[in-house]
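Let's take a friendly walk through this structure, one topic at a time. Keep the 3D view open and follow along.

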Amino acid sequence: MLKKELQIAVEKGVMLPLMEEFYTIQGEGYHTGTAAYFIRVGGCDVGCHWCDVKESWNAELHPPTAIETIVENAKKYANTVVVTGGEPLTWDMGPLTQELKEKDLKVHIETSGAYPLSGTWDWITLSPKKNKLPTQTVYDNANELKVIVYNKHDFIFAEEQAEKVNKNAILFLQPEWSKKEAMTPLIVDYVMNNPKWRVSLQTHKYLNIP
Ligand SMILES: C[S@@+](CC[C@H](N)C(=O)[O-])C[C@H]1O[C@@H](n2cnc3c(N)ncnc32)[C@H](O)[C@@H]1O
Ligand SMILES: Nc1nc2[nH]cc(C(=O)O)c2c(=O)[nH]1
Ligand code: SF4
Ligand SMILES: [Mg+2]
């Protein structure tokens, strides 16, 4: 395809800049411990300084891939697909999620919510970021709120975000990986004192799996 045609296909969401796809165990949040096929879409301009996939940020480094190809691969593995990134809501998630649903797959998203919600989802994990706050559509539709705790001020941010998200969302605090020795004990105390919150750990990193 010509460069221009590829660009148009990506704009429509029928091709996506695919960084990687892998079958693993969901390591974080409500569905921790369950098998899922991960689709990591490139492109993110949120700029978290502690982001653990900075290689995903520049969409141009990741080849535009037809969604049919992505779906073919996914359906060979689990019955749950997690779409992550990068920031998946940078792109129109409508076509990809429609194809995945047609194959009877459960479709989950990991998002910062920085862009309006597109696509049809069985589970929405919202992990809000101070530098680019979530859009209202994502607050309204999130199934879980997962706030990353890098320092003690993040507990205040977490409470502010809990006020904005819909009342059914399940609330999680997750230590930032490089600060986990200092932050995990604070999170444990916080959750015992404020039991509407739950602890989420990046369990895949402890298990040495993707
Ligand atoms: C890499 S992001 C991709 C999806 C989306 N951009 C987002 O931020 O939700 C996937 C998840 O990893 C979390 N995450 C990224 N870097 C992390 C780190 N160093 N420690 C803990 N969690 C991290 C994010 O907050 C998010 O919940
Ligand atoms: N195992 C595993 N679980 C995850 N949950 C969210 C992840 C992500 O990067 O979005 C992730 C990831 O990268 N690996
Ligand atoms: S929003 Fe997600 S992908 Fe983007 S920089 Fe932050 S953690 Fe990384
Ligand atoms: Mg990850």
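**The sheet and what surrounds it**

Strand 6 and strand 7 run parallel, joined by two bridges. Keep in mind that you're looking at a predicted model. That strand pair belongs to an open sheet of nine strands with mixed pairing. From there we'll look at the helices, the ligands and a couple of backbone oddities.

**Finding your way around the sheet**

- Reading across the sheet, the strands come in the order 3-1-2-4-5-6-7-8-9.
- Which strands stand at the edges? They are strand 3 (64–66) and strand 9 (197–199), and each has a single partner strand, so one side of each is left without a neighbour in the sheet.
- Going from one strand to the next, the twist averages 30 degrees.
- If you'd like a landmark for the pairing of strand 6 with strand 7, find L126, which stands opposite L145 in strand 7.
- Strand 6 (residues 123–126) also pairs with strand 5, in the parallel sense and over four bridges. Here E110 stands opposite T125 in strand 6.
- Out at strand 9, the pairing with strand 8 (residues 170–175) is parallel too, with three bridges. Look for L173, which sits opposite V199 in strand 9.
- While you trace these strands, remember that in a regular strand the side chains alternate between the two faces of the sheet.

**Helices to spot**

- Helix 6 (residues 180–193) lies across three strands: strand 7 (144–149), strand 8 and strand 9. Its direction is at about 150 degrees to strand 8.
- Two packed helices are described by the angle between their axes and the distance between the axes.
- For helix 2 (residues 67–75) and helix 3 (residues 94–102), the axes come within 10 Å and cross at roughly 35 degrees. That crossing is right-handed.
- Which residues meet there? From helix 2 come I67, E68, I70, V71 and A74, and from helix 3 come P95, L96, E99 and L100.
- Sorted by class, the residues of this contact are seven nonpolar, no polar and two charged.

**Around the three ligands**

- Ligand 1 has 18 residues around it, and the closest are D52, E110, S112, S127 and W177.
- Strand 4 (80–85), strand 5 (106–111) and strand 7 each supply at least two residues of the ligand 1 shell. By class, this shell has six nonpolar, seven polar and five charged residues.
- Ligand 2 is surrounded by T24, I25, Q26, G27, E28, T84, E110, H204 and P210. Its shell splits into two nonpolar, five polar and two charged residues.
- E110 is worth clicking on: it is among the closest residues to ligand 1, it is in the ring of residues around ligand 2, and it is the one opposite T125 in strand 6.
- Around ligand 3 you'll find residues including C44, C48, C51, G85, G86, S112 and K129. By class, the ligand 3 shell has five nonpolar, five polar and two charged residues.

**Backbone oddities**

- Most residues other than glycine have a negative phi, and most peptide bonds are trans.
- Where is the cis peptide bond? It joins G85 and G86, with omega about 25 degrees. G86 has its place in the loop between strand 4 and helix 3, and both G85 and G86 are among the residues around ligand 3.
- D104 is not a glycine, yet its phi is positive, at about 65 degrees. You'll find D104 in the loop between helix 3 and strand 5.

**What the record says**

- An unreviewed UniProt entry lists residues 31–210 as "domain: Radical SAM core".
- In this model, that span is 30% helix and 23% strand, and its end C-alpha atoms lie 16 Å apart.

Key:
Residues are numbered from 1 along each chain as its sequence is written. Chains are lettered from A and ligands numbered from 1 in the order in which they are written. This is a predicted model: local features need pLDDT of at least 70, side-chain atom pairs count only at pLDDT 80 or more; totals for chains, interfaces and linings use all residues. Two strands pair if DSSP finds at least two bridges between them. Axes are lines fitted to C-alpha atoms, for helices over the stretch in contact, and angles run from 0 to 180 degrees between N-to-C directions. Two residues are in contact if their C-beta atoms, placed from the backbone, lie within 7 Å. A residue is near a molecule or strand if its C-beta atom, placed from the backbone, lies within 6 Å of it. Ala, Val, Leu, Ile, Met, Phe, Trp, Tyr, Cys and Pro count as nonpolar, Asp, Glu, Lys and Arg as charged, and the others, Gly among them, as polar. UniProt positions are given in the numbering used here, feature names are shortened, and annotations may be inferred rather than shown by experiment. A crossing is left-handed if the near helix is turned anticlockwise from the far one by less than a right angle, and right-handed if clockwise.
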